[in-house]
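Biologist: Got a minute to walk me through this one? I'd like to go over the cysteines, the core and a polar spot.

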Amino acid sequence: MNSEKVLNLFRRITEIPRESGHEEQIIAFLQNFARERSLECRTDEAGNVVIVKPASPGRENSPVIVLQSHSDMVCEKNSGVEHDFSKDPIKYVIEDGWMIAKDTTLGADCGIGMAAQLAVLESGLDTGRIECLFTVSEETGLDGAKALKPGFITGKVLINLDSEDEGELFVGCAGGLDTTALFRYREVPLAAGLKLASVRIFNGIGGHSGDDIDKGRANAVQLLARFLYTSCPYAALVSISGGNKRNAIAREAEAVIAVADTRELQEKAASFAADLKAEYSAGDPDISVDCRLLGETGDGSMAVEPAVAQALTASLFAAPHGVLAMSGDIPGLVETSTNLASVKMTGKGEIRVGTSQRSSVTSERRAAGLKVEAVFRLAGAEVTHESEYPGWKPDMDSPVLKTCVASYRRLFGVEPVVRAIHAGLECGLFLDIYPDLDMISFGPTLRGVHAPGERLELASLDRFVALLTDVITHIRL
């Protein structure tokens with residue numbers, strides 16, 4: 001098994017639509033892959049798939065290993081880009097040693113893990129029994145992992161292939177919680193002759209709401225609310241939209257407002273843009289502000305009732321976002337955070353705000369959710385919590401960890417970094433169902449996941465494949 005084989009399989013995966021909740025085509029691909037190679041394959045009611053590589057002759061008593069990735073991907077694109085994730089293949093380039101999707105997400109999270117599993121399945125490697133588990137809808141709530149039933153897998157060792165930093169072995173992760181605020185409003189008529197303007201915050205880096213939450217990146221939703229609250233608090237709000245996925249930092253946000261004085265508005269927008277350039281010169285240097293005039297209001301022009309509009313912008317500005325606490329046990333590890341992910345108008349007199357909280361400590365995660373709830377309840381919103389999932393507590397005495405460390409040292413002559421991650425992995429849920437699992441997570445280097453520009457470092461893919469091959473062929477727990 002080599003990295004070129006894995007990369008070619010991943011190229012094939014980029015051609016298959018697999019947005020979270022719409023994994024039908026990738027499930028069919030996996031089932032056909034197994035059928036064409038006469039491999040045992042099982043699919044549960046949720047859509048999770050297991051394909052089995054039988055033990056090589058003489059390896060029947062080796063430990064059964066579960067290789068695991070998720071089959072869905074985050075589907076994000078830059079505004080103005082024509083791409084239909086339900087049918088269009090991902091467009092990518094190879095530049096300077098990276099595979100890059102410049103205008104959309106690449107889906108290497110976790111498509112490259114899937115490709116590695118498929119390469120193992122059709123390899124002639126000398127291994128014990130290997131069960132390749134492909135779970136569904138990880139990105140939107142770990143739905144596949146939550147739906148697993150006892151007996152679907154039989155292995156006692158699980159290698160999760162959903163990590164993004166080669167040279168690092170992950171032995172723990174944060175748990176998560178989603179919190180949603182719902183504002184209800186009436187539409188009110190606007191006086192004729194007011195000036196309509198679009199205010200847009202854009203060109204943010206965005207990124208993963210776990211891995212990247214401590215990198216000082218701009219949150220376009222909160223910055224738009226800040227501008228509306230501080231620079232034009234009495235403007236009429238016609239529409240507002242920003243962010244998208246709960247597990248992504250908002251890169252863009254836009255509001256259409258009605259004002260009497262557009263000259264003052266444009267001056268304030270220019271001043272705000274200069275402030276942001278100074279504030280984010282290191283963490284998000286291309287964050288930008290655009291203020292564009294759209295014409296005058298006329299008969300029939302409508303806006304969100306002022307009391308709700310003001311409560312919405314104030315609470316979006318006040319809502320916590322970012323790192324709330326650092327770990328006291330593991331230096332440099334974010335322990336608790338919250339992400340102000342999105343604001344959307346449904347067209348039915350409702351405005352929905354999506355947020356997510358993460359922590360390796362259950363009580364802190366729930367407290368973070370309640371803190372978000374308190375802000376939006378004070379603003380008159382209805383607040384709900386859903387999709388909670390547990391973290392994964394590190395086990396530094398794990399046998400598979402010791403095996404992976406020894407393999408990495410032997411292959412590359414250096415010690416790997418062993419750490420926990422602030423992102424959510426499915427491993428915590430696996431322990432709920434299979435409490436005796438010994439688990440580890442590793443992968444190649446990915447950057448910019450959950451955002452357009454996502455990229456895979458090809459040199460790290462070589463090392464990832466070498467490590468995976470060595471571990472599954474030499475493991476003797």
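**Cysteines, core and a polar pair**

Modeller: Let's start with C41, which counts as partly exposed because its relative accessibility is 30%. Keep in mind that this is a predicted model.

Biologist: OK, which cysteine sulfur is closest to the one in C41?

Modeller: That would be the sulfur of C132, but the two are 11 Å apart, too far for a bond.

Biologist: And C173, is that one buried or exposed?

Modeller: C173 is buried, because its relative accessibility is 3% and the cut-off for buried is under 20%.

Biologist: Why doesn't C173 bond to C427?

Modeller: Their sulfurs are 6.0 Å apart, and that's too far for a bond, even though C427 has the closest cysteine sulfur to C173. A disulfide needs the two sulfurs within 2.5 Å.

Biologist: So how many disulfides do you count?

Modeller: Zero, going by that cut-off.

Biologist: Switching to the core. Which residues touch the most other members of the largest nonpolar core?

Modeller: L67 and L456 do, in a core of 62 residues. Helix α3, residues 108-121, gives the most to this core, with nine residues.

Biologist: What does L67 touch, skipping residues up to four places away in sequence?

Modeller: Its contacts include V120, I130, C132, L133, I159, L161, L468 and I472, and also Q117 and E131. As a general point, nonpolar side chains tend to be buried together in soluble globular proteins.

Biologist: What about a second core, how many residues does it have?

Modeller: It's separate from the other one and has 49 residues, among them A250, L276, V289 and C291.

Biologist: Now the polar spot. Where is T180?

Modeller: T180 is in strand β9, which covers residues 175-184. T180 counts as buried, because its relative accessibility is 5%.

Biologist: Which side chain does T180 make a polar contact with?

Modeller: The side chain of R246, at 2.3 Å. Leaving out neighbours within four places in sequence, T180 also contacts other residues, including R352, E382 and E386.

Biologist: And where does R246 lie?

Modeller: In the loop between β12 (236-243) and β13 (253-259). R246 is partly exposed, because its relative accessible area is 25%.

Biologist: What else does the R246 side chain reach?

Modeller: The backbone oxygen of T355, at 2.8 Å. R246 is also in contact with S356; the C-alpha atoms of R246 and S356 are separated by 6.0 Å, though the two residues are 110 apart along the chain. Other contacts of R246 include D178, S209, N339 and E386.

Terms used. Residues numbered from 1 in each chain as written. Predicted model: local features only at pLDDT ≥ 70, side-chain atom pairs only at ≥ 80, totals over all residues. Heavy atoms only, no water. Core = buried A, V, L, I, M, F, W, Y, C linked by side-chain atoms within 4.5 Å. Buried < 20%, exposed > 50% of the residue type's maximum accessible area, 1.4 Å probe, protein only. Helix = DSSP H or I, 4+ residues; strand = E, 2+ residues; numbered from the N terminus. Contact = heavy atoms within 4.5 Å. Polar contact = N/O pair within 3.5 Å; in protein donor to acceptor, adjacent residues only side chain to side chain.
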